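Thank you for making time this morning. Please look at the sequence and the model on the screen, and I will then talk through one helix pair and several salt bridges.

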Amino acid sequence: MTGHQTAEPDLGVLAAQVLVSVQRELFTALGEQGFDDIQPRAGAVLAYLRADGIRASELARVSGQHKQVIGSLVDDLERLGYVERKPDPGDRRAKLICPTERGLLQMEAAVSIMRTIEERHAKTLGRQEYAAFKRALHRVADLQRKVQHDSQGGREAVRAPE
């Protein structure tokens, strides 16, 4: 942020508004379906959890969170009965974070809720415009991750194509 207000909110503000609003709707609906013991911050794990399990290091990478944050969230979700740690058959030293039966039910509910949210926006904007919006948002997200990755590695930040 530059410290002064502009007529149009910037990318960060718009992204935050969408994130907070979608999270609020998602977690309210999950609560109404009996999953009222999880908080939006758990989304850093739940959004990337796979039925066959995923390593905590991979969760940290794809969510953009520190390993310690992911570890704490996994601990919380394990206490609540959503996930369990299992040995990784590909590496005995590693553990997989796997959804429990309750975790799988929550994942199915979240997919259904998100489908409803996206369907509403597609109907409002029109399917083509919404599809174009999502493609553009994917491109922006990918570019932003690449710029962040490159700057953390000490390399020069990537410029957007002209």
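Let me begin with a question: does Asp 142 count as buried, partly exposed or exposed, and what is its relative accessibility? Please bear in mind that what we are looking at is a predicted model. Asp 142 counts as partly exposed, because its relative accessibility is 41%, a value that falls between the cut-offs of 20% and 50%. Its partner in a salt bridge is Arg 145, and the closest N and O atoms of the two are 2.3 Å apart. Arg 145 is partly exposed as well, with a relative accessible area of 48%. Both residues belong to helix H6, which covers residues 127-152, and since they are three residues apart, about one helical turn separates them.

A similar arrangement can be found in helix H4, residues 67-80, where Asp 76 and Arg 79 are three residues apart, again about one turn of the helix. Their side chains meet in a salt bridge, with 2.3 Å from N to O. Arg 79 is exposed, its relative accessible area being 64%.

Now I would like to turn to a pair of helices. Helix H1, residues 11-32, packs with helix H5, residues 101-125, at an angle of about 130°, and their axes are 10 Å apart. H1 and H5 are therefore oblique to each other, and their crossing is right-handed.

Which residues meet there? On the H1 side they are Val 22, Glu 25, Leu 26, Ala 29 and Leu 30, and on the H5 side Gln 106, Ala 109, Ala 110, Ile 113, Met 114, Ile 117 and Arg 120. Sorted by character, the residues of this contact comprise nine nonpolar, one polar and two charged.

Glu 25 and Arg 120, both part of that contact, also form a salt bridge, in which the closest N and O atoms are 2.8 Å apart. Because Glu 25 lies in helix H1 and Arg 120 in helix H5, this pair ties together parts that are 95 residues apart in sequence. Glu 25 counts as partly exposed at 30% relative accessibility, and Arg 120 is likewise partly exposed, at 35%.

In general, side chains of opposite charge can pair when their charged atoms come close. How many salt bridges does the structure hold? The number is 15, and I should also mention a network of salt bridges that links Arg 55, Asp 88, Asp 91 and Arg 93.

Methods:
Residues are numbered from 1 along each chain as its sequence is written. This is a predicted model: local features need pLDDT of at least 70, side-chain atom pairs count only at pLDDT 80 or more; totals for chains, interfaces and linings use all residues. Side-chain values use heavy atoms; hydrogens and water are left out. Axes are lines fitted to C-alpha atoms, for helices over the stretch in contact, and angles run from 0 to 180 degrees between N-to-C directions. Helices (H or I, at least four residues) and strands (E, at least two) are DSSP runs, numbered from the N terminus. Angles under 35 degrees count as roughly parallel, over 145 as roughly antiparallel, 65 to 115 as roughly perpendicular and the rest as oblique. A crossing is left-handed if the near helix is turned anticlockwise from the far one by less than a right angle, and right-handed if clockwise. Contact means heavy atoms within 4.5 Å. Ala, Val, Leu, Ile, Met, Phe, Trp, Tyr, Cys and Pro count as nonpolar, Asp, Glu, Lys and Arg as charged, and the others, Gly among them, as polar. A salt bridge is a side-chain nitrogen of Lys or Arg within 4 Å of a carboxyl oxygen of Asp or Glu. Buried means under 20% relative accessible area, exposed over 50%, partly exposed in between (1.4 Å probe, protein chains only).
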